[in-house]
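The following exercises concern charged side chains, helix geometry and burial. Please examine the sequence and the structure before reading each solution.

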Amino acid sequence: MFHLKRNVPSWERAVRLCLGVFAALGAFYFLPAGALRMLGFGAAGMLAATAIVGFCPACAMLGRKAAGPAR
């Protein structure tokens, strides 16, 4: 099975998850319906997904190393 090494530390995962929730709420309440709101939901979803998985592809492309011992 394909395995990705985590490159996001636990504290940052918690921050990303909170930001994802707040971004989704902000997109729902403050952005007009349509493509702009969907873009906001997409950004919120990516924040939440990288928090849950623990791997950020953008950080990996910039050379960020694993966040700790592999589990």
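**Exercise 1.** Determine which residues are linked in a network of salt bridges.

*Solution.* Step 1. The model is predicted: local features require pLDDT of at least 70, side-chain atom pairs count only at pLDDT 80 or more, and totals for chains, interfaces and linings use all residues. Residues are numbered from 1 along each chain as its sequence is written, and side-chain values use heavy atoms, with hydrogens and water left out.

Step 2. Apply the criterion: a salt bridge is a side-chain nitrogen of Lys or Arg within 4 Å of a carboxyl oxygen of Asp or Glu. A search of the whole structure yields 2 salt bridges.

Step 3. In one of them, Arg 16 pairs with Glu 12, with the closest N and O atoms 2.9 Å apart. These residues are 4 apart in helix H1 (residues 10-30), and are therefore separated by about one helical turn. Helices are DSSP runs of H or I with at least four residues, and strands are runs of E with at least two, numbered from the N terminus.

Step 4. Arg 64 also forms a salt bridge with Glu 12, the closest N and O atoms being 2.6 Å apart. Because Arg 64 lies in the segment after helix H3 (57-61) and Glu 12 in helix H1, the pair ties together parts that are 52 residues apart in sequence. The network thus links Glu 12, Arg 16 and Arg 64.

**Exercise 2.** Classify Glu 12 and Arg 64 as buried, partly exposed or exposed.

*Solution.* Step 1. Buried means under 20% relative accessible area, exposed over 50%, and partly exposed in between (1.4 Å probe, protein chains only).

Step 2. Glu 12, at 13%, is buried, whereas Arg 64, at 33%, is partly exposed.

**Exercise 3.** Compare the expected and the modelled span of helix H2, and locate its buried residues.

*Solution.* Step 1. The expected span is 1.5 Å times one less than the number of residues. For the 19 residues of H2 (residues 35-53) this gives 27 Å, which agrees with end C-alpha atoms 26 Å apart.

Step 2. The buried residues of H2 are Arg 37, Gly 40, Ala 44, Ala 48, Thr 50 and Ala 51. Seen down the axis, they fall within an arc of 165°, so they line one face of the helix; the arc is that of the directions from the helix axis to the C-beta atoms.

Step 3. On the other side of H2, Ala 35, Met 38, Leu 39 and Met 46 are exposed.
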